[in-house]
Amino acid sequence: MQHLERYRDMIPDFDEFLQILATPLPLTVRVNLLKTTANRLKEHLDRAGIGYSELRWYPYGLRLEMDRPGRMLEHLMGHIYPQEEMSMVPVAVLSPRPGESVLDICAAPGSKTTQISMHMENRGLAVANEPSAARIVPLRANCERMGALNVAVTKFDGRHFPRYQFDRVLVDAPCSSQGMARKDLKVLDRYSVKRSLDLHRLQVEILHRAISLVRPGGVVVYSTCTYAPEENEAVVARVLDRARLEDVALSGLSGSPGLEEWEGTDYGGELKRCARYYPHQNNTGGFFVAKLIKT
């Protein structure tokens, strides 16, 4: 975890941040309103003697006091999707609506695609794009299990997605995944600044394409599960000639503003509208989220 020291002056309460990385990540699931209701699911959990608590900021998320929810009947029936709490944030910020056209440009394995479809109430068009043929298999399976009937699956390099005009686009970008360390500490061993810089180029190209695919006034949400500014603010700053940032703020969820500067590079004051979520702030994984409006 030595490379995390580069973030000591960036992350508030840094020593507390390091301590929580060694603790287990709470198990969370998302209730699938396409097949059940939150109250009905909680009744089932009560009868099964499974403890749970509601997320403070999102009415469709629960923390479960159990192991392996993938073995639950409710999972097999598509009533729940095991999903890390922070992974639910980007779609909540995207706020898709019934009847719209929405693109998830980096979709596999489908947690956010099925969340988008749920918020759309299966009305309108949700496109789940995934460039990897192998990853399309679980993507399709999850959409089928969750009853996401308005989803069309495509296989394009996100940088070259065909011309179309969407109302909203989600870019949950490929990243160095430092925020997943509580699931697997080995992700930190694989990290290097060079890897962030290599990913930066890919992320910028995908985000530029996403903005070109959304209508004027449409919404693009960019998210990663990493702390590296090279993959976060430095990416968003590259597209601000084509879009403006809106504040990311979810009531009940603690976070930190985006960075305006990092190691001598000035990203601009607008970047504070982004949100950084560190594990010790909500007892979760780590995430970065930016909300862009096409100008």
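**View 1. Strand β15 and its partners in the predicted model.** Ser223 stands opposite Val289 in β15. That pairing belongs to the antiparallel match between β9 and β15, joined by 6 bridges. Val289 also turns up as the bridge partner of Ala275, and here the other strand is β14 (residues 275–277), antiparallel to β15 and joined to it by 3 bridges. This is a predicted model, so treat each close-up in that light. Look next at β10, which pairs with β15 in the antiparallel sense over 4 bridges. Arg244 has Ile293 in β15 as its bridge partner.

**View 2. How β15 is enclosed.** Is β15 buried or exposed? Of its 8 residues, 8 are buried, so the strand is largely enclosed by the rest of the structure. Both faces are covered. One side carries Phe287, Val289, Lys291 and Ile293, the other Phe288, Ala290, Leu292 and Lys294, and every one of these is buried, the two lysines included.

**View 3. The largest nonpolar core.** This core has 46 residues, and the ones with the most contacts inside it are Tyr7, Val171, Leu207 and Val220. Which elements give two or more residues to it? They are α1 (14–20), β8 (166–172), α7 (186–189), α8 (193–213), β9 (214–224), α9 (233–236), β10 (243–246) and β15 (287–294). Helix α8 gives the most, with 6 residues. Apart from this core lies another, of 34 residues, with Met88, Val102, Cys225 and Ile293 among them.

**View 4. Tyr7 and its surroundings.** Zoom in on Tyr7, one of the residues with the most contacts inside the largest core. What does Tyr7 touch, not counting residues up to four places away in sequence? The list reads Phe14, Gln178, Tyr191, Tyr227, Ala228, Pro229 and Trp262. Both Tyr7 and Tyr227 are buried. Ring pairs also link Tyr7 and Tyr227 with Phe14, Phe17, Trp262 and Tyr278 into a cluster.

**View 5. Two edge-to-face tyrosine pairs.** The count for this model comes to 12 aromatic pairs. Tyr7 and Tyr227 make one that is edge-to-face, at 6.3 Å centre to centre with 70° between the planes. Why does this pair tie together parts that are 220 residues apart in sequence? Tyr7 sits in the segment before α1, while Tyr227 belongs to the loop between β9 and α9, so the contact spans that separation. Now for Tyr58 and Tyr60: their ring centres are 5.2 Å apart and their planes are at 85°, so this pair is edge-to-face too. The partners differ in burial. Tyr58 has a relative accessible area of 4%, so it is buried. Tyr60, at 25%, is partly exposed.

**View 6. A four-stranded open sheet and the helix on it.** The strands of this open sheet come in the order β2-β3-β1-β4, with antiparallel pairing. Which strands are at the edges? They are β2 (52–54) and β4 (80–82), each pairing on one side only. From one strand to the next the twist averages 30°. β1 (residues 27–31) pairs with β4 in the antiparallel sense, over 3 bridges, and Arg30 stands opposite Tyr81 in β4. Helix α5 (residues 111–119) packs on the sheet, where it touches β1 and β4, and its direction makes about 35° with that of β1.

**View 7. A charge over Tyr81.** Stay with Tyr81, the β4 residue opposite Arg30. What sits over its ring? It is the charged end of Arg145, 5.4 Å from the ring centre.

**View 8. Gly99 in its loop.** Gly99 is found in the loop between α4 (89–94) and β5 (101–104). With a relative accessibility of 57%, Gly99 counts as exposed. Which residues is it in contact with, leaving aside neighbours within four places in sequence? Gly99 is in contact with Arg123 and Gly124. Asn150 makes a handy reference point: Gly99 and Asn150 are 51 residues apart in sequence and 10.0 Å apart in space, C-alpha to C-alpha.

Key
Residues are numbered from 1 along each chain as its sequence is written. This is a predicted model: local features need pLDDT of at least 70, side-chain atom pairs count only at pLDDT 80 or more; totals for chains, interfaces and linings use all residues. Side-chain values use heavy atoms; hydrogens and water are left out. A nonpolar core is a set of buried Ala, Val, Leu, Ile, Met, Phe, Trp, Tyr and Cys residues joined through side-chain atoms within 4.5 Å. Buried means under 20% relative accessible area, exposed over 50%, partly exposed in between (1.4 Å probe, protein chains only). Contact means heavy atoms within 4.5 Å. Two strands pair if DSSP finds at least two bridges between them. Axes are lines fitted to C-alpha atoms, for helices over the stretch in contact, and angles run from 0 to 180 degrees between N-to-C directions. Rings of Phe, Tyr and Trp (its six-membered ring) pair if their centres lie within 6.5 Å; planes under 30 degrees apart count as stacked, over 60 as edge-to-face and the rest as tilted. A charge sits over a ring if NZ of Lys or CZ of Arg is within 6 Å of the ring centre and within 35 degrees of the ring normal.
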